[in-house]
Amino acid sequence: MSSENEVLLRVDNLVKHFPITQGIIIQRQTGAVHAVDGISFDIYKGETLGLVGESGCGKSTTGRTILQLYRPTAGSVHFEGRDLAKLSNEEMRQVRRRAQMIFQDPYASLNPRMTVGEIIGEPLQIYRIMKGQELRDRVASLLELVGLNPAYSNRYPHEFSGGQRQRIGVARALALNPSLIVCDEPISALDVSIQAQVVNLLEDLQKELGLTYLFIAHDLSMVRHISDRVAVMYLGVIVELTTREELYNNPLHPYTQALLSAVPIPDPFAEEKRQRIILEGDVPSPVNPPSGCRFRTRCPLAIEICAKERPEFREVKPGHFVACHLV
Amino acid sequence: MADLLNVEGLETQFKTRDGIVHAVNGVSFHLKEGETLGIVGESGCGKSVTVMSMLSLIPQPPGEVVAGEAVYQGKDLLKMPNEEIRHVRGSQISMVFQDPMTSFNPVLTIGRQVAEPLEIHNGVPRKQAYERAAEMLDMVGIPSAKDRLYDYPHQFSGGMRQRVMIAMSLICTPQVLIADEPTTALDVTIQAQIIELVKRLRDELGMAIIWITHDLGVVAGLADRVAVMYAGYIIEEAQVKELYAKPTHPYTIGLLASLPRVDGKHGDRLASIDGLPPTLMEKPRFCPFAPRCEFALDHCWQENPMLESISADHRVACWVDPETGRERK
């Protein structure tokens, strides 16, 4: 991190509930999916913040709510001096030049009827930044930047493999020179040998262009590799947030400990010596999350207070935040 | 121990509109009693097609097993008539599939589906079969198993469904369990539960396992022996510790180096394998990995190497010795 304490994005008590309705003509709200339930964190300029958790924990919703693709139910998102939650759609459209997204599925996130050149050039046209030859040159240089042949700009997405398509998605995100990129599981759909190519590309681009990443993933090994700091989510809340070294060497939350111990290591010698913490049961439904601590129903250490009070997300040592009554 | 299953020179092709896809190009391996064999490879390398060919589960057409044999208890599975192979599949070699959401019939109760193999293959009356099904569900860790027999698949979570699938596949106490990416669709904490369960059942029931996966981490803690596949070939095969300590095929070396580790050190750049896997539209005349291989020599572009032993229990299909960078004698 070059500029240690300059905050680029500040998320404060962000909440996103999706309503559950009943009735056809008169729709009554009968409940809500508590996808994100009051999370706060900062992202510093030039860093990569990893956001990990299992499916359904709200990590993708967090990424989308930050960029106002979903409007938050409550809370604020401060980015480059403005609260995005309060902006109109038009104002938000202007902010999106600075904050872009890379999506998980490289097959679904590129329009099959547009050429690669049109896809990458579209943001530049929408914001009327350039046209004609200038636009074509910019597209060519973006393709080159992500390691694709500039001559490919007349081809269609189906002519490319998954890894190449993800590179096209990266080029599109870079077209407007953003400062923040939300990477929503950008490598989960790719094969192992291709994952490394895309991750290396993202790292190179970060160094070259000074980008800041929110890297959303469920693969804890890859998150360890790419992140400066890591936040662990469970059922709509962040349970632990700290630097990479601290999180992986000294996890404090029982969920983080169990999660880390469950990840297989590609080394039979290390696997032989490991002690696994096997969690019982499944993640509860976010429609009716457990009272108090969200994790208490699966926590091997849960005590009485865990059912009564929601644990505060507090700094237990410098830069290490945990939400647990027992820490 | 004796070989339970011996696969020799298995070749499978698919006829498509664009031509013939050479999915499996002569795969040979064996499985001993009680042994766990991991088959590892990326998507499209032929790992699923290999075991599906073995059990005549390939839709024909467009697929066709064009060569090879798979000898199980002295009989070639590939030459068995339909009735007979059906019996083997249900009761002696059973399979667990990747997707626990789509592999059940949604309109039949779990009890009916778990008990079915026992009714069909062993002729057990329904009442006893249901009792046995409840025991199996209990064994795989489904709470209040007796009541849940009458629930439908959608009433179970993904991890629970995978447990039910394992119960169903083990109800006839098969000698071989084939698990085709059984944990890929699951979260890591649930994956850990399932792997622990399979290890426990293996020790209790003593069956042999073929575990197909793309995750080199999962097989490291589970398998006795590992075969790595690429472009329809097994390119390396060894005891699990030997393979991870001394990977010898450049593809295996590259694959292991490209994996970040959760216990790993900070800041290393990931090694990546450049390029893409081949399309399999042509049967390769040279080493299929040569276009992506950093060690490739002239010979690699002229002739496809066979899988050959380099020590007891370590076989590699490569002309080059990666330690010296020169051709193996």
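Reader: How do helix α4 and helix α6 of chain B pack, and which word describes α4(B) relative to α6(B)?
Author: This is a predicted model, where local features need pLDDT of at least 70, side-chain atom pairs count only at pLDDT 80 or more, and totals for chains, interfaces and linings use all residues. Residues are numbered from 1 along each chain as its sequence is written, and chains are lettered from A and ligands numbered from 1 in the order written. The axes of α4 (126-139) and α6 (158-170) of chain B are 9 Å apart at about 130 degrees (lines fitted to C-alpha atoms over the stretch in contact; angles from 0 to 180 degrees between N-to-C directions; helices are DSSP runs of H or I, at least four residues, and strands of E, at least two, numbered from the N terminus). Under 35 degrees counts as roughly parallel, over 145 as roughly antiparallel, 65 to 115 as roughly perpendicular and the rest as oblique, so α4(B) is oblique.

Reader: Good to know! Which residues of α6(B) does α4(B) meet?
Author: Contact means C-beta atoms, placed from the backbone, within 7 Å. From α4(B) come B:M136, B:L137 and B:M139, and they meet B:V164, B:A167 and B:L170.

Reader: Which strands stand at the edges of the open sheet in chain B?
Author: Happily, the order is simple to follow: β6-β7-β8-β3-β9-β10-β12-β11, with mixed pairing (a pair needs at least two DSSP bridges). Each edge strand has a single partner, so one side of each lacks a neighbour in the sheet; these strands are β6 (93-96) and β11 (308-311).

Reader: And which residue of β8(B) stands opposite B:A179?
Author: Strands β7 (176-180) and β8 (208-213) of chain B run parallel, joined by five bridges. Opposite B:A179 stands B:W211.

Notes: Contact = placed C-beta atoms within 7 Å.
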